[in-house]
Structures are given as structure tokens and as C-alpha cells.
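Please open the structure in your viewer and keep the selection tool at hand. The tour below goes from one selection to the next and says what is there at each stop.

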Amino acid sequence: PWGRLQYLEPLAPAGGIDADIADMAAYALLQLGDGRIAGRRLLSAAMLAELQRPEIAVGADWTPAAERENLHYALGWFTAKVRGLHLVLHNGVNPGFRAAILLAPAAGAGVVVLSNGESSRFTDAATRGLLDQVLE
């Protein structure tokens, strides 16, 4: 099965950027904050709001939850409304790897899940379950 990894270079998401959990946690904190990391401004608060603003409605042909969760595509993010809470999320799928980031900006909370495996259902369930625990 490792032979399929030879195809990762052309499949590389976001131009082949590699990030570990510490990098992803810092990115989540940037998205949840006011655009600063370690006191240094990288993005304006207005730009963060624009990046996370719902733009295009996602249809039920993409996922059955689209209407129930008011799923939209933003600028690089998906947005949803679950139990009255605005969520910002994105996932990544490559052979042998899964990644997900789920943010609740109004609550200042987020979850990042990285896994070596092929189960998007696991990553989705883990991400939503962990966010529920963080928000309790």
C-alpha cells in the first residue's frame, strides 16, 4: 500500500505545505484571534472576517447535512451553523492521511485532528466530538 505514496507530490494540498499539530494549532489560534501570532500582526481582523464569511451555499448533492447545517463555502473555508453556533471548518484528504480543523470563532474554541489513516468518518466524528467537549 505504500506504493501509492509516490503520488503525494502531485496531490499536495496548498502547494505542498506540510504542517504538524503544533503548526496547525498556531494556525487555528491565528484564525480564532485577531490576526496576530506571538504579538505580530499577520492579517487584519477585517481580512479574517472576510475569509470566514459565508459566500456560496453548498447543496445537498455535496452532503446531506448541507441544508440542516446551513453549509456554505467561504474563501478557503466551509462555514456551518450547528446548534446556533457559527462554525468554520476545512478538511484534507490524501491517501493514508486525513486532517480536519473546526473552529467556533465566537466561542474562541477550535479543534485540529490529524490522522494516519483513511477514515474521513473517524476524523469528522473526532473533530465534532472534541469541539463539543471543549464547548462544555
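Begin by selecting Val82 and Leu85, since Leu85 in strand E6 is the bridge partner of Val82. Keep in mind throughout that this is a predicted model.

**The hairpin of E5 and E6**

Widen the selection to the two strands, E5 and E6, which pair in the antiparallel sense over five bridges. Together E5 and E6 form a hairpin with two residues between them, and in the turn Arg83 has a positive phi of about 50 degrees. Select Arg83 by itself and you will find a residue other than glycine with this positive phi, placed in the loop between E5 and E6. Is Arg83 buried or exposed? Its relative accessibility is 69%, so Arg83 counts as exposed.

The strand that leads into this turn is another matter: four of the five residues of E5 are buried, so E5 is largely enclosed by the rest of the structure.

**The hairpin of E4 and E5**

Now select E4, residues 72-73, together with E5, residues 78-82; these strands run antiparallel and are joined by two bridges. You can pick out the partners one by one, for Tyr73 has Phe78 of E5 as its bridge partner, while His72 stands opposite Thr79 in E5. E4 and E5 also form a hairpin, here with four residues between them, and Gly76 in the turn has a positive phi of about 90 degrees.

Stay in the loop between E4 and E5 and select Trp77, which is buried, with a relative accessible area of 4%. What does Trp77 touch when its neighbours within four places in sequence are left aside? Trp77 is in contact with Tyr27, Gln31, Leu51, Gln52, His72, Val88, Leu89, His90, Ile101 and Leu103. Of these, Leu89 makes a useful next selection: although Trp77 and Leu89 are twelve residues apart along the chain, their C-alpha atoms are separated by 5.7 Å.

**Two nonpolar cores**

With Leu89 selected, and again leaving aside neighbours within four places in sequence, look for its contacts with Trp77, Phe78, Thr79, Ala80, Ile101 and Leu102. Leu89 also belongs to the largest nonpolar core, which has 15 residues, and Leu71, Leu87, Leu89 and Leu131 are the members that touch the most other members. The elements that give two or more residues to this core are E5, E6, E7, E8 and H4. Apart from this core lies another, of nine residues, among them Met24, Ala74, Trp77 and Ile101.

**The sheet as a whole**

Next, select the strands from E3 to E8, which make an open sheet of six strands in the order E3-E4-E5-E6-E7-E8, with antiparallel pairing. The edge strands are E3, residues 56-57, and E8, each of which pairs on one side only.

On the edge strand E8, select Ser115, which counts as buried at 14% relative accessibility. Not counting residues up to four places away in sequence, Ser115 touches Gly96, Phe97, Arg98, Phe122 and Thr123.

**The helix across the sheet**

Thr123 takes you to H4, where it is one of the buried residues. Select the whole helix, residues 120-135: at 1.5 Å a residue its 16 residues should span 22 Å, and the end C-alpha atoms are 22 Å apart, which agrees. H4 lies across E5, E6, E7 and E8, running at about 150 degrees to E8.

Which residues of H4 are buried? They are Thr123, Ala126, Thr127 and Leu131. These residues cover an arc of only 125 degrees around the axis, which puts them on the same side of H4. An α-helix has 3.6 residues a turn, so residues three or four places apart point the same way. The buried residues of H4 pack against E6 (85-94), E7 (97-104) and E8 (109-116), whereas Arg121, Ala125 and Gln133 are exposed on the other side of the helix.

**A last stop at Ala38**

Finally, select Ala38, in the loop between strand E1 (36-37) and strand E2 (40-41). Ala38 has a positive phi of about 50 degrees although it is not a glycine, and Ala38 is exposed, with a relative accessible area of 85%.

Terms used:
Residues are numbered from 1 along each chain as its sequence is written. This is a predicted model: local features need pLDDT of at least 70, side-chain atom pairs count only at pLDDT 80 or more; totals for chains, interfaces and linings use all residues. Side-chain values use heavy atoms; hydrogens and water are left out. The expected span of a helix is 1.5 Å times one less than its number of residues. Buried means under 20% relative accessible area, exposed over 50%, partly exposed in between (1.4 Å probe, protein chains only). The arc is that of the directions from the helix axis to the C-beta atoms. Contact means heavy atoms within 4.5 Å. Two strands pair if DSSP finds at least two bridges between them. Axes are lines fitted to C-alpha atoms, for helices over the stretch in contact, and angles run from 0 to 180 degrees between N-to-C directions. A nonpolar core is a set of buried Ala, Val, Leu, Ile, Met, Phe, Trp, Tyr and Cys residues joined through side-chain atoms within 4.5 Å.
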